[in-house]
Amino acid sequence: MWRLFLVVGLGILAWAGSARAQELPEWLSKSANSKPPDYGVRDENGFFTRDSGALKRISEQVRQLEAEHGFKIYLLVEPVLIATSAPELAARLQQAWLPMGDGLVVVYESDNRSLGFGRDIGNAAPDEAPASLVPTHETAAILMRAREATEESLAPEAYVEALMGNLVREFDNYFQRRKAPLPAGRSLRLALLTVGGLTLLALAAIGVGALVRLPAMAGNERFRFSRVDRPERLGAPCGGGSVTTRRFRAP
C-alpha cells in the first residue's frame, strides 16, 4: 500500500513541475533571469517572415524611441501560451525587464491574436523614478488610441507591425508635448488665475472671520433701574420724590 502512495505522490509532483514549466515559454522557464531582447523584439518561432522586413522596421522604431526619450518598448511574440495568458506574461516580464517602469512590454499570442501589455505599477520610489517614466493615466490613454488606430482586419503580421508603429508614434508625441515649453499667453493666464484664486480665498477667510466675531462683539445689552431708598408712592416702587398739593377756598 505504501508503495502505491509513493508512486501517486511522485506522479503528482512530476505533474506539478511540468505544469509550472509550461506557464512560461521554454526559453524563459529555463532562465528565470532572462534578459530583454537586444533589438527590442523577440520572435523565437519565426512569426515575422524574413522577406517582409517587418521585424527590422519595428526594431528600428523602438530603438529610435529609446535613443530620443529613454523609453523602451519590448515586443514578445509567442504562437501559444499554456497555463498563462498574454496579459499575465506581459506583467511578469514588465517586472523582470523594466522594474523601474521606464518602458512597456507587449506580448502577442499569434494563435488566438491575444494582446498583453505590461504597465508600470509604481515600484520606483519618487526620488528614484526615471525621467522617462510615463504616468499611468497617460499610458492607458496611449494604449487606447494606438489600438483604435490599428485596423483589426489586417493580417496578423501586418497588424502587429501597425500596432507597434502606432505605439511608438503616440509615445513620441507624448514626450514631445512634455518637453515643449508652455505658450507665453497660457503661462500668463495661469499666473493670473493663481493670483485671483488666492485673493478670493483670502477675502473669504476675512469674511468668515468677521461673521464669527460679530455676535461676540455685539452681545445683548441689558439696562436695570438702580435701587432707590424711598417709600412707595402711588403704587410705584421707585416713585419717590417731592409731592405738592394745592387747595382753593370756596368763593
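**Notes on strand 2 and its surroundings**

1. In this predicted model, strand 2 and strand 3, the latter made of residues 103-109, pair with each other in the parallel sense, and 7 bridges hold that pairing together on paper. One position in the pairing can be picked out by eye, since glutamate 78 stands opposite glutamate 109 of strand 3.

2. Strand 2 also has a partner in strand 1, which covers residues 41-43 and runs parallel to strand 2, with 3 bridges joining the two. Here a useful place to look is arginine 42, which stands opposite leucine 76 in strand 2.

3. How many of the residues of strand 2 are buried? The strand spans residues 72-78, and 7 of its 7 residues are buried, so that it may be described as mostly covered. In a regular strand the side chains alternate between the two faces of the sheet. In strand 2, Lys72, Tyr74, Leu76 and Glu78 lie on one side, while Ile73, Leu75 and Val77 lie on the other, and both faces are covered, with every one of these residues buried.

4. The connection from strand 2 to strand 3 deserves a careful look, as strand 2, helix 4 and strand 3 together make a right-handed β-α-β unit, in which helix 4 is formed by residues 86-97. Helix 4 has 12 residues and reaches 16 Å from its first C-alpha to its last, which is close to the 16 Å expected at 1.5 Å a residue.

5. Which residues of helix 4 are buried? They are Ala86, Leu89, Ala90, Leu93, Gln94 and Trp97. These residues sit on the same side of helix 4, because they cover an arc of only 145° around the axis.

6. A residue outside this unit is leucine 154, which is placed in the loop between helix 5 (136-148) and helix 6 (156-179). Its relative accessibility is 31%, and therefore leucine 154 counts as partly exposed. If its neighbours within four places in sequence are left aside, leucine 154 is in contact with Arg113, Tyr159 and Ala162.

7. Finally, a point about confidence: the chain averages a pLDDT of 78, and 69% of the residues score at least 70. Over residues 2-10, however, the pLDDT is below 50, and this stretch has 0 contacts in the model beyond near neighbours in sequence. The pLDDT also stays under 50 over residues 12-22, for which the model has 4 contacts beyond four places in sequence.

Terms used:
Residues are numbered from 1 along each chain as its sequence is written. This is a predicted model: local features need pLDDT of at least 70, side-chain atom pairs count only at pLDDT 80 or more; totals for chains, interfaces and linings use all residues. Side-chain values use heavy atoms; hydrogens and water are left out. pLDDT is the predictor's confidence in each residue, from 0 to 100. Contact means heavy atoms within 4.5 Å. Buried means under 20% relative accessible area, exposed over 50%, partly exposed in between (1.4 Å probe, protein chains only). Helices (H or I, at least four residues) and strands (E, at least two) are DSSP runs, numbered from the N terminus. Two strands pair if DSSP finds at least two bridges between them. A crossover is right-handed if, with the strands pointing away from the viewer, the path from the first strand over the helix to the second runs clockwise. The expected span of a helix is 1.5 Å times one less than its number of residues. The arc is that of the directions from the helix axis to the C-beta atoms.
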